[in-house]
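I opened a new page for this chain. My plan was to begin with the aromatic rings and then step back to the whole chain.

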Amino acid sequence: MKTIGIDIDGVLRNFHKQLLLVARILNPNLKVTNNFSDYWLRDAIDLSKEQLRQICHHTHPHQVFVEAPAYESNVLFLSKMMQHLEGVEFVAITAAGGYNNEHLTYKWLAKHELNFRRVIFCPGNKKAKENIDILVDDSSENYNAWKLKRGPEDFLIMDRPWNQDCKATRIPHLGALFTEDYCMAGDCLKNHKLNKAYQLIF
């Protein structure tokens, strides 16, 4: 059985949009630009990484992690694949743990009816050590750590503004796993229910 690791923030959960929203509510006069070239919004917002981490991990974790919107097309199609694709295990793998906040991610997953059999909480640079065959992630730093441990293969980068420097194989959405260019095409293309879901969602 093939095991596909799916990152949560930046792939399924729109963590950045929600963090920016909460930061602006807390700081009404905050200046914001449209430059999202850095994962921690360094060029978009006049708050440091540590200030943003304080908001999401300590002062307002529920508002950030539970109330964050989903990347709807990714969530919908992943849900269909989890139901109808045989021979593949999908595992959530996220760095959104620590600070006793893991339960908030479980709440978010339940809210969006994503019933992973396994949810792995680990630092992003440790994901390559986990027992997964392929990783879908949105972090350039995580790709660099993966490449050092495993080489450049079997890592798919979800196309986001903050990872344009990443040299990993780039996908626009999880539906790309369904197409002929990517890892699960053979099984997906034969699956009538997934074929229909793909046409409806994408």
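**Aromatic rings.** I searched the whole structure for aromatic pairs and got seven. I looked up Y39 and W40 from that search: their ring centres are 6.0 Å apart and their planes meet at 70°, so I entered the pair as edge-to-face. The cut-off for that label is an angle over 60 degrees. The model is a predicted one, and I note that here before going on.

I then checked how well each of the two is covered. Y39 has 25% relative accessibility, so I put it down as partly exposed. W40 has 15% and therefore goes down as buried. The cut-off for buried is under 20% relative accessible area, so Y39 does not qualify and W40 does.

Next I took W146 and F155. Their rings also make an aromatic pair, with 5.9 Å from centre to centre and 65° between the planes, and this pair is edge-to-face. For W146 I read 1% relative accessibility, so W146 is buried. F155 is buried as well, with a relative accessible area of 1%.

Which residues form one aromatic cluster? I listed F15, Y39, W40, F65 and W162. Y39 and W40, the edge-to-face pair from above, are thus entered on this page a second time, as members of the cluster.

**Helices and strands.** I counted the secondary structure of the protein chain and wrote down eight helices and six strands. I then read the order from the N terminus: β-α-α-α-α-β-α-β-β-α-β-β-α-α. The order opens with a strand, and four helices follow that strand. Two helices end it.

**Size and packing.** How does the radius of gyration fit a compact globule? For 202 residues, the expected value is near 17 Å, and the chain has 17 Å, so the two agree. I also noted the box that the C-alpha atoms fill, which is roughly 55 × 35 × 30 Å along the principal axes.

Of the 202 residues, 51% are buried. I looked at contacts between residues at least 6 apart in sequence, and found that 62% of them join residues at least 24 apart.

**Surface and charge.** I recorded an accessible surface of about 10400 Å² for the protein chain. Carbon and sulfur atoms hold 46% of that surface. Last, I counted charged side chains and got 25 positive and 24 negative. The centres of the two sets lie 2 Å apart.

Conventions. Residues are numbered from 1 along each chain as its sequence is written. This is a predicted model: local features need pLDDT of at least 70, side-chain atom pairs count only at pLDDT 80 or more; totals for chains, interfaces and linings use all residues. Side-chain values use heavy atoms; hydrogens and water are left out. The radius of gyration is taken over C-alpha atoms; the globule rule is 2.2 Å times the number of residues to the power 0.38. Buried means under 20% relative accessible area, exposed over 50%, partly exposed in between (1.4 Å probe, protein chains only). Contact means heavy atoms within 4.5 Å. Accessible areas come from the Shrake-Rupley method with a 1.4 Å probe; for residues, only the protein chains shown count as cover. Lys and Arg count as positive and Asp and Glu as negative; His and the chain ends are not counted. The place of a charge is taken as NZ of Lys, CZ of Arg, CG of Asp or CD of Glu. Rings of Phe, Tyr and Trp (its six-membered ring) pair if their centres lie within 6.5 Å; planes under 30 degrees apart count as stacked, over 60 as edge-to-face and the rest as tilted.
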